[in-house]
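Got the model open and a selection box ready? Here is a short walk through it, one stop at a time.

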Amino acid sequence: MVKKSDKSENTGNQKDRKIEVEDKLNEEQVQEEVDQEDAAEQEEEKEEEEPKREPTAEEKLAELQDRYLRLTAEYDNFRKRTLKEKIDLQKSGNENLLNALLPVADDFDRGLQSVDEAKDINAIKEGLKLISGKFQGFLAQQGVKEIEAVNKVFDTDLHEAITKIPAPTKKLKGKVVDVIQKGYMLNEKVLRYSKVIIGE
C-alpha cells in the first residue's frame with residue numbers, strides 16, 4: 001500500500017516538474033522575442049538619427065552617364081525604326097503607283113505592235129488618243145493636273161519663262177503666248193513648272 005502512494009506522489013512530482021520546465025521555456029521564448037523587438041526598434045532609431053549619406057560626385061557622374069547612354073540608345077533605336085518605316089512606305093507607295101501604270105504601258109506596247117501592221121492611219125491616231133486619255137485619267141486619279149498656261153497672265157508661282165517674243169496682239173502683252181513644256185500640279189502643289197514664252 002505504501003508503495004502505491006509513493007508512486008502516485010512520484011508521478012505528481014514529475015508532472016509538476018514538466019509544467020515548471022515548460023513555463024520556464026515559454027518565459028525564455030517570450031523574453032527572446034521581446035529582446036529581438038527591442039533590438040529592431042533600436043536599429044530603426046539609429047537609422048532615423050543618422051542622416052542619409054549624400055552620393056559622391058563620382059556616383060552622381062556615373063548615374064548621369066548611365067542615363068545619358070540609355071537615352072542615346074533609345075533615340076538611336078527610334079531613329080532607325082522611323083527611317084526603316086519611311087523606306088518601307090516609299091517602297092510600297094512606288095509599288096502602288098507602278099501597278100497602276102502597268103495597264104497604260106501594256107496599251108503602248110499593243111499600239112506599237114499594231115503600227116507595223118496597220119494600213120489605216122486614222123486607226124493609229126484613234127489608238128494613240130485612247131492611250132493618251134487613259135494616261136491622263138491615271139494622272140487625275142493620282143491627283144495630278146495640268147497647269148493651264150496659254151493666254152494666261154504670267155505667274156512666277158506656276159510658270160517658268162524661257163524667252164520673250166513680241167506679242168501678236170495687245171491683249172497678249174505680259175501673258176503666256178506659247179507653252180514649250182507643260183507644267184503639272186499635285187494636290188495644289190506645283191510638281192513641275194510650265195516652261196513658257198511670254199509676249200511683250
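## Stop 1: a turn among the strands

Start by selecting Asn187: it is exposed, with a relative accessible area of 58%. For this tour, buried means under 20% relative accessible area, exposed means over 50%, and partly exposed is whatever falls in between, using a 1.4 Å probe and protein chains only. Asn187 sits in the loop between strand S4 (184-186) and strand S5 (189-192). Check its backbone while you are there: phi is near 50°, a positive value in a residue other than glycine.

Before moving on, some housekeeping. This is a predicted model, so local features need pLDDT of at least 70 and side-chain atom pairs count only at pLDDT 80 or more, while totals for chains, interfaces and linings use all residues. Residues are numbered from 1 along each chain as its sequence is written, and side-chain values use heavy atoms, with hydrogens and water left out.

## Stop 2: zoom out

Colour by secondary structure and you should find three helices and six strands. Helices (H or I, at least four residues) and strands (E, at least two) are DSSP runs, numbered from the N terminus. Going from the N terminus on, the order is α-α-α-β-β-β-β-β-β.

How much of the protein counts as buried? Of its 200 residues, 10% do. The accessible surface comes to about 17400 Å², and 53% of that belongs to carbon and sulfur atoms. These areas come from the Shrake-Rupley method with a 1.4 Å probe; for residues, only the protein chains shown count as cover.

Now for contacts, meaning heavy atoms within 4.5 Å. Among the contacts with a separation of 6 or more, 61% are between residues 24 or more positions apart.

## Stop 3: the acidic stretch of H1

Select Glu27, Glu28, Glu32, Glu33, Asp35, Glu37, Asp38 and Glu41, and show their side chains. Together they gather in a surface patch of negative charge. The patch rule takes residues with over 30% relative accessible area and no salt bridge, joining like charges within 9 Å and nonpolar side chains (Val, Leu, Ile, Met, Phe, Trp, Tyr) within 5 Å. Lys and Arg count as positive and Asp and Glu as negative, with His and the chain ends not counted; each charge is placed at NZ of Lys, CZ of Arg, CG of Asp or CD of Glu.

Pick out Asp35 from that group. Asp35 belongs to helix H1 (residues 2-49), and it is partly exposed, at a relative accessible area of 41%.

## Stop 4: along H2

Next, hunt for salt bridges: a side-chain nitrogen of Lys or Arg within 4 Å of a carboxyl oxygen of Asp or Glu. By this rule there are eight.

Select Asp66 and Arg70. They form a salt bridge, with the closest N and O atoms 3.1 Å apart. The two are separated by about one helical turn because they are four residues apart in helix H2 (residues 57-117). Asp66 is partly exposed at 36%, whereas Arg70 counts as exposed at 54%.

Slide along to Asp76 and Lys80, another salt bridge, this one 3.4 Å from N to O. Both lie in helix H2, four residues apart, or about one turn of the helix. Asp76 is partly exposed at 26% relative accessibility, and Lys80 is partly exposed too, at 48%.

## Stop 5: a bridge across the chain

Which side chain does Lys145 meet in a salt bridge? Select Glu188: the pair is 3.5 Å apart, N to O. This one links distant parts of the chain, with Lys145 in strand S1 and Glu188 in the loop between S4 and S5, 43 residues apart. Lys145 is partly exposed at 43%, while Glu188 is exposed at 60%.

Flip back to H2 for a moment and add Arg79 to your selection: salt bridges that share partners join Asp76, Arg79 and Lys80 into one network.

## Stop 6: one more loop, then a buried residue

Asn151 is in the loop between strand S1 (144-146) and strand S2 (159-165). Its phi is near 65°, a positive value in a residue other than glycine, and Asn151 is partly exposed at 46%.

Finish at Ile197. Is this residue buried or exposed? Ile197 is buried, with a relative accessible area of 13%, and its place is in strand S6 (residues 194-199). Leaving aside neighbours within four places in sequence, Ile197 is in contact with Thr163, Ile165, Lys175, Val176, Val177, Asp178 and Ile180. For a last distance check, draw a line from the C-alpha of Ile197 to that of Ala161: 5.9 Å, across 36 residues of chain.
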